[in-house]
Amino acid sequence: MELRIEKLSKSYGAKQALKAVSCAFCDGVYGILGANGTGKSTLMNIITGNIDADEGGAFLDGNDIFSAKEKEKWKGMLGYMPQYPVVYRGFTVEDFLFYMAALRGVKKKEAKGRIEKLLTALSLTDAANVKMTALSGGMRQRMMLAQAAVGDPKVLILDEPTAGLDPKQRIAVRNLISEIAFDKIVLIATHVVTDVEFISKEILLLKDGEIIQKAERETLIEEMEGKVFEIQTEISELKRIQKTYLVGNMIKDREKIYVRVIAGQRPKEKCVNTVRPSLEDVYLYHFQE
């Protein structure tokens, strides 16, 4: 199975949100990384058919998913988690998931087993009979992931899936995505590096409406070799270092401060070590202000 995007463009007035975006996806998890406002949600909304592109197309195994002939078939293969959770007043979590399963044509007996499994995986079992309006923000996020997956879709599109979740819940969400990603195309749009760092087949960097990189995690990291350093310094020098370099992280022990920086050449400081880059360094390098 291949989902191919060809020259998708979208503008909102004078602002061009997407600029002739082209890429291809086959089975596996893909992370779409970008800062807020770079076009991630616009791309997701076009692919899911929620908004129309100004130009370009999208094709599943060569078939135009936006055509009248293929549109309904595409929707039946799709699971979508929007950036902002929806709330159906009067529905409990379980009611909502059964309703979404029915809309996707899942028989009640089969839906029951899937829903129980999803509630357990996302630590929502105790909330099954809680009204949607009474859920916390984190619970609503997890519930929306459950509804996206309940129909066992062939293509799963997740827009900021861990927004508002604590570290334990983020891990649960990533584990579930890894578990259900077999023989599916999974697209995760996020600005949180850890959401996609270890589960993605490839990572796309989307900046100002354009894909500037599409590669495996290790390839992106290797391109940063020789650009990431750790400076050991005194607190009196900290402000100067912050003004001079792109700072990724700081660690303080009893006497010293260790500052992780990104630079085009080795910093001319007293105590400097070259360190192995991370995907977070890649993100900072490409999306620095």
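In what sense do strand β4 and β5 pair, and over how many bridges? In this predicted model, strand β4, formed by residues 55–60, pairs with β5 in the antiparallel sense over 2 bridges. Within this pairing, Leu60 stands opposite Asn63 of β5. The two strands belong to an open sheet of 4 strands, arranged in the order β2-β1-β4-β5 with antiparallel pairing. The edge positions are taken by β2 (15–25) and β5 (63–64); each has a single partner strand, so one side of each is left without a neighbour in the sheet. Helix α1, comprising residues 40–47, packs on the sheet and touches both β1 (3–12) and β2. The direction of α1 makes about 120° with that of β1.

A second packing arrangement involves helix α5 (residues 137–149) and helix α6 (residues 167–180), whose axes come within 11 Å and cross at roughly 5°. Since angles under 35 degrees count as roughly parallel, α5 and α6 are therefore roughly parallel to each other. The contact is made by Arg142, Leu145 and Ala149 on the α5 side, which meet Gln169, Val173, Leu176 and Ile180 on the α6 side. By residue class, the contact of α5 with α6 divides into 5 nonpolar residues, 1 polar and 1 charged.

The largest nonpolar core of the model contains 51 residues. Leu33, Met143, Leu158, Ile177, Val186 and Ile188 have the most contacts inside this core. Helix α5 gives the most to the core, contributing 6 residues. For Met143, when residues up to four places away in sequence are not counted, the contacts are with Val86, Val93, Phe96, Leu97, Leu124, Met132 and Leu135. Apart from the largest core lies another, of 27 residues, which includes Cys23, Ile32, Ile46 and Tyr80. In soluble globular proteins, nonpolar side chains tend to be buried together.

Further along the chain, Arg217 is located in helix α8, which covers residues 217–222. With neighbours within four places in sequence left aside, Arg217 is in contact with Glu197, Phe198 and Ile203. Arg217 and Glu70 are separated by 147 residues in sequence, and their C-alpha atoms lie 33 Å apart in space.

Note on methods:
Residues are numbered from 1 along each chain as its sequence is written. This is a predicted model: local features need pLDDT of at least 70, side-chain atom pairs count only at pLDDT 80 or more; totals for chains, interfaces and linings use all residues. Side-chain values use heavy atoms; hydrogens and water are left out. Axes are lines fitted to C-alpha atoms, for helices over the stretch in contact, and angles run from 0 to 180 degrees between N-to-C directions. Angles under 35 degrees count as roughly parallel, over 145 as roughly antiparallel, 65 to 115 as roughly perpendicular and the rest as oblique. Contact means heavy atoms within 4.5 Å. Ala, Val, Leu, Ile, Met, Phe, Trp, Tyr, Cys and Pro count as nonpolar, Asp, Glu, Lys and Arg as charged, and the others, Gly among them, as polar. A nonpolar core is a set of buried Ala, Val, Leu, Ile, Met, Phe, Trp, Tyr and Cys residues joined through side-chain atoms within 4.5 Å. Buried means under 20% relative accessible area, exposed over 50%, partly exposed in between (1.4 Å probe, protein chains only). Two strands pair if DSSP finds at least two bridges between them.
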